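Here's a quick briefing to read with the sequence and the 3D view side by side. Have the viewer ready, so you can click on residues as they come up.

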Amino acid sequence: MKKASVVVPIHCHRFLILRRSGSDPHFPLTWDFPGGGLEEGEDGQDGAIRELSEEAAIKASKDELEKIGTYDHNGVTVHLYRLKVSSPVVRCRDGEHDKYAWVSREIIDLYPLMPGTQKILSILK
């Protein structure tokens, strides 16, 4: 079974979401949390830290990640983490994403979300 990690960064009670670029082959112009598939030899935390750095230029350590849970999404085991960040500075640097936003729970549904993001939001409640 494939495995992935997703991180929900939080700053001042707002979630970080990233918009996939228009040229991205998987759900272009939709918004999601930083995350992706685990690489060979990675555990959930390692993958979460790598994806967060690659996608948003946010550095984190394993002690800073709070595991929220694990769930299945279309045959992929997803490890879900929360991360409180002290700075809202983000840089989309992977080419996969072109914009970011810090959004409250009340307005996140105004963004076209990638499939699976609603499942994460329901776990966060």
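What follows is a short tour from the overall fold down to single residues.

Keep in mind that this is a predicted model. The chain is built from two helices and seven strands, and reading from the N terminus they come in the order β-β-β-β-α-β-β-β-α. Its radius of gyration is 13 Å, close to the 14 Å from the globule rule for 125 residues, so the chain is as compact as a globular protein of that length.

**Overall build**

- Along the principal axes, the C-alpha atoms of the chain take up a box of roughly 35 × 30 × 30 Å.
- If you count contacts between residues at least 6 apart in sequence, 64% of them link residues at least 24 apart.
- Buried residues make up 47% of the 125 in the chain.

**Surface and charge**

- The chain's accessible surface is about 6700 Å², and carbon and sulfur atoms account for 51% of that.
- On the charge side, there are 17 positive and 19 negative side chains.
- The centres of those two charge sets sit 4 Å apart.

**Nonpolar cores**

- As background, nonpolar side chains in soluble globular proteins tend to be buried together.
- Here, the largest nonpolar core holds 18 residues, and the ones with the most contacts inside it are Val8, Phe15, Ile17, Phe33, Ile108, Ile120 and Leu121.
- Two or more residues of this core come from each of S1, S2, S6, strand S7 (97-103) and helix H2 (117-124).
- The top contributor is S1, which supplies four residues to this core.
- A second core, separate from that one, has 15 residues, including Leu18, Leu52, Val85 and Trp102.
- Want one residue to click on first? Try Val8: beyond its neighbours up to four places away in sequence, Val8 touches Phe15, Phe33, Leu80, Tyr81, Arg82, Leu83, Ile120 and Leu124.

**Leu80, a buried strand residue**

- Leu80 belongs to strand S6 (residues 76-84).
- With a relative accessible area of 0%, Leu80 falls under the 20% cut-off, so Leu80 counts as buried.
- Leaving out neighbours within four places in sequence, the contacts of Leu80 include Val6 and Val8, Ile120 and Ile123, and a run of residues from Glu66 through Lys67 and Ile68 to Gly69, with Tyr71 as well.
- Glu54 is 26 residues from Leu80 along the chain, and their C-alpha atoms are 17 Å apart.

**Glu51, a buried acidic residue**

- Look for Glu51 in helix H1 (residues 44-56).
- Is Glu51 buried or exposed? Glu51 is buried, because its relative accessible area is 8% and the cut-off for buried is under 20%.
- Not counting residues up to four places away in sequence, Glu51 touches three glycines, Gly35, Gly36 and Gly37, along with Ala56.

**Two loop residues with positive phi**

- Which phi does His13 have? It is positive, about 65 degrees, although His13 is not a glycine.
- His13 sits in the loop between strand S1 (2-11) and strand S2 (14-20), and its relative accessibility of 75% makes it exposed.
- Asn74 also has a positive phi, near 55 degrees, and it isn't a glycine either.
- The loop that holds Asn74 lies between strand S5 (66-73) and S6.
- Asn74 has 70% relative accessibility, so it counts as exposed, the cut-off being over 50%.

Notes
Residues are numbered from 1 along each chain as its sequence is written. This is a predicted model: local features need pLDDT of at least 70, side-chain atom pairs count only at pLDDT 80 or more; totals for chains, interfaces and linings use all residues. Side-chain values use heavy atoms; hydrogens and water are left out. The radius of gyration is taken over C-alpha atoms; the globule rule is 2.2 Å times the number of residues to the power 0.38. Buried means under 20% relative accessible area, exposed over 50%, partly exposed in between (1.4 Å probe, protein chains only). Contact means heavy atoms within 4.5 Å. Accessible areas come from the Shrake-Rupley method with a 1.4 Å probe; for residues, only the protein chains shown count as cover. Lys and Arg count as positive and Asp and Glu as negative; His and the chain ends are not counted. The place of a charge is taken as NZ of Lys, CZ of Arg, CG of Asp or CD of Glu. A nonpolar core is a set of buried Ala, Val, Leu, Ile, Met, Phe, Trp, Tyr and Cys residues joined through side-chain atoms within 4.5 Å.
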